[in-house]
Amino acid sequence: HGLPDVLEPFAREHSIRTASLVTSYQEARDAIFNGFPVPVCSNQGFAEQRDADGFARAQGSWSHCMCFIGIDDTPKRPALLCMNSWGSQWIGGPKRLSQPEGSFWVDANTANNMLRKNPDSFAISSFVGFPSQNLFDQI
């Protein structure tokens, strides 16, 4: 139960000092804009093919944790960029806005459903061991 003793020294090197519950698209968008990733714990599954705009259609059920890492707040189709842990080959199809391999866009309504259904997703901030960076210089 809990973290194995052998891993505790490594965990202390990268402790999380602040985590804030995220229960909506707007809260996730604001956290990501400020440089804080949002691991999203959800049962929502997705298609393994992106559409022409880089979105994966919500379908099926996964008991899985992924991470919202980017935002596109355009009025046409507001969305969060979701990074999966299954590697670069699990999903295919077009990408946009320099999204990394293995990622897909999730529309705001689906993100709201994911974040509200089981409120156990948190914005991670004030963590130790990772230097701050200006994300806008990398676009």
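A residue counts as buried when its relative accessible area is under 20%, as exposed when that area is over 50%, and as partly exposed in between. The exercises below apply this rule to a predicted model.

**Exercise 1. Classify leucine 97 and serine 98, and state what is notable about their backbone.**

Solution. Begin with the place of each residue: leucine 97 lies in the loop between strand E4 (79-83) and strand E5 (103-107), and serine 98 lies in the loop between E4 and E5 as well. Next, apply the cut-off: leucine 97 has 56% relative accessibility and therefore counts as exposed, and serine 98, with a relative accessible area of 74%, is exposed too. Then turn to the backbone, recalling that most residues other than glycine have a negative phi. Leucine 97 has a phi near 55°, a positive value in a residue other than glycine, and serine 98 likewise has a positive phi of about 55° although it is not a glycine.

**Exercise 2. Describe the overall fold, and decide how its radius of gyration stands against the value for a compact globule.**

Solution. The secondary structure of the protein comes to three helices and six strands, and read along the sequence these follow the pattern α-β-α-β-β-β-β-α-β. For the radius of gyration, a compact globule of 139 residues would have a value near 14 Å, and because the protein has 16 Å, the two agree. The C-alpha atoms fill a box of roughly 45 × 35 × 30 Å along the principal axes. Within this fold, buried residues make up 33% of the 139 residues, and of the contacts with a separation of 6 or more, 66% are accounted for by residues 24 or more positions apart.

**Exercise 3. Determine how many disulfides the structure contains, and examine cysteine 65 and cysteine 82.**

Solution. A disulfide is a covalent bond between the sulfur atoms of two cysteines, and the cut-off to apply is a pair of cysteine sulfur atoms within 2.5 Å. A search of the whole structure finds zero disulfides. For cysteine 65, which is in no disulfide, the nearest cysteine sulfur is that of cysteine 41, at 3.5 Å; with 37% relative accessibility, cysteine 65 counts as partly exposed. For cysteine 82, also in no disulfide, the nearest cysteine sulfur is that of cysteine 67, 7.8 Å away; at 0% relative accessibility, cysteine 82 counts as buried.

**Exercise 4. Compare asparagine 109 with threonine 110 in helix H3: is each of them buried or exposed?**

Solution. Asparagine 109 lies in helix H3 (residues 108-117), and threonine 110 lies in helix H3 as well. Asparagine 109 has 59% relative accessibility and so counts as exposed, whereas threonine 110, with a relative accessible area of 13%, is buried. Beyond its neighbours within four places in sequence, threonine 110 is in contact with Gln44, Phe46 and Ala58. The C-alpha atoms of asparagine 109 and arginine 77, which are 32 residues apart along the chain, are separated by 9.8 Å.

**Exercise 5. Describe the surroundings of isoleucine 124.**

Solution. First locate isoleucine 124, which has its place in strand E6 (residues 122-127). Its relative accessible area is 15%, so isoleucine 124 is buried. Setting aside neighbours within four places in sequence, isoleucine 124 is in contact with Ile16, Thr18, Ala19, Phe36, Pro37 and Pro39. Finally, isoleucine 124 and alanine 31 are 93 residues apart in sequence and 8.5 Å apart in space, C-alpha to C-alpha.

Conventions
Residues numbered from 1 in each chain as written. Predicted model: local features only at pLDDT ≥ 70, side-chain atom pairs only at ≥ 80, totals over all residues. Heavy atoms only, no water. Helix = DSSP H or I, 4+ residues; strand = E, 2+ residues; numbered from the N terminus. Rg over C-alpha atoms; globule rule 2.2 N^0.38 Å. Buried < 20%, exposed > 50% of the residue type's maximum accessible area, 1.4 Å probe, protein only. Contact = heavy atoms within 4.5 Å.
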